[in-house]
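Trainee: I'd like a close look at one part of this model, please. Could you pick the place where side chains of opposite charge pair up and walk me through it?

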Amino acid sequence: MSGDAFATYWVRREAIKTLRQLDDRTLRDIGISRCQIETAVAGNFDLELVRIR
């Protein structure tokens with residue numbers, strides 16, 4: 001694993017850790033649910049599929 005790849009991996013893991021510490025209401029406020037955290041951090045999140053409540 002190159003240095004850049006490792007840095008990217010580490011930053012993503014920290015982002016996931018931080019998001020997992022948020023409560024469900026806060027996650028909903030930023031537009032994701034708990035089960036979408038890893039997908040959102042990876043950049044594979046399709047905002048058009050998100051339904052505003």
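Mentor: Here is a walk through the salt bridges, with their surroundings added along the way.

First, some ground rules. This is a predicted model, so to speak of local features we need pLDDT of at least 70, side-chain atom pairs count only at pLDDT 80 or more, and totals for chains, interfaces and linings use all residues. Residues are numbered from 1 along each chain as its sequence is written, and side-chain values use heavy atoms, with hydrogens and water left out.

About that pLDDT: it is the predictor's confidence in each residue, from 0 to 100. The protein chain has a mean of 88, and 85% of its residues reach 70 or more. Helix 2 has the highest confidence, at a mean of 96, and helix 3 the lowest, at 94. Where pLDDT is low, the predicted coordinates should not be read in detail.

Now the layout. The protein chain has three helices and zero strands, which reads as α-α-α along the sequence. Helices (H or I, at least four residues) and strands (E, at least two) are DSSP runs, numbered from the N terminus.

On to your charged pairs. A salt bridge is a side-chain nitrogen of Lys or Arg within 4 Å of a carboxyl oxygen of Asp or Glu, and a search of the whole structure finds two. In one of them, Arg20 meets Glu38, with 2.5 Å from N to O. Arg20 lies in helix 1 and Glu38 in helix 3 (residues 37-42), so this pair ties together parts that are 18 residues apart in sequence. Measure from C-alpha to C-alpha instead, and Glu38 and Arg20 are 9.6 Å apart in space.

How covered are these two? Arg20 counts as partly exposed, at 46% relative accessibility, and Glu38 is partly exposed too, at 40%. The cut-offs are simple: buried means under 20% relative accessible area, exposed over 50%, and partly exposed in between (1.4 Å probe, protein chains only). Glu38 has other company as well: leaving out residues up to four places away in sequence, Glu38 touches Arg13, Ile16 and Arg20, where contact means heavy atoms within 4.5 Å.

The other salt bridge joins Asp24 and Arg34, whose closest N and O atoms are 2.9 Å apart. Asp24 sits in helix 2 (residues 24-29) and Arg34 in the loop between helix 2 and helix 3, so to say ten residues apart, and the pair links distant parts of the chain. Asp24 is partly exposed at 46%, and Arg34 is partly exposed at 36%.

Arg34 also leads us inward. Leu27 touches Arg34, along with Leu19, Leu22, Ile32, Ser33 and Ile37, again not counting residues up to four places away in sequence. Leu27 belongs to the largest nonpolar core, together with Ile16, Leu19, Ile32 and Ile37. By nonpolar core I mean a set of buried Ala, Val, Leu, Ile, Met, Phe, Trp, Tyr and Cys residues joined through side-chain atoms within 4.5 Å. In soluble globular proteins, nonpolar side chains tend to be buried together. Here, of the 53 residues of the protein chain, 9% count as buried.

Finally, back to helix 1 (residues 3-20), where you'll find Val11. Val11 is exposed, with a relative accessible area of 51%.
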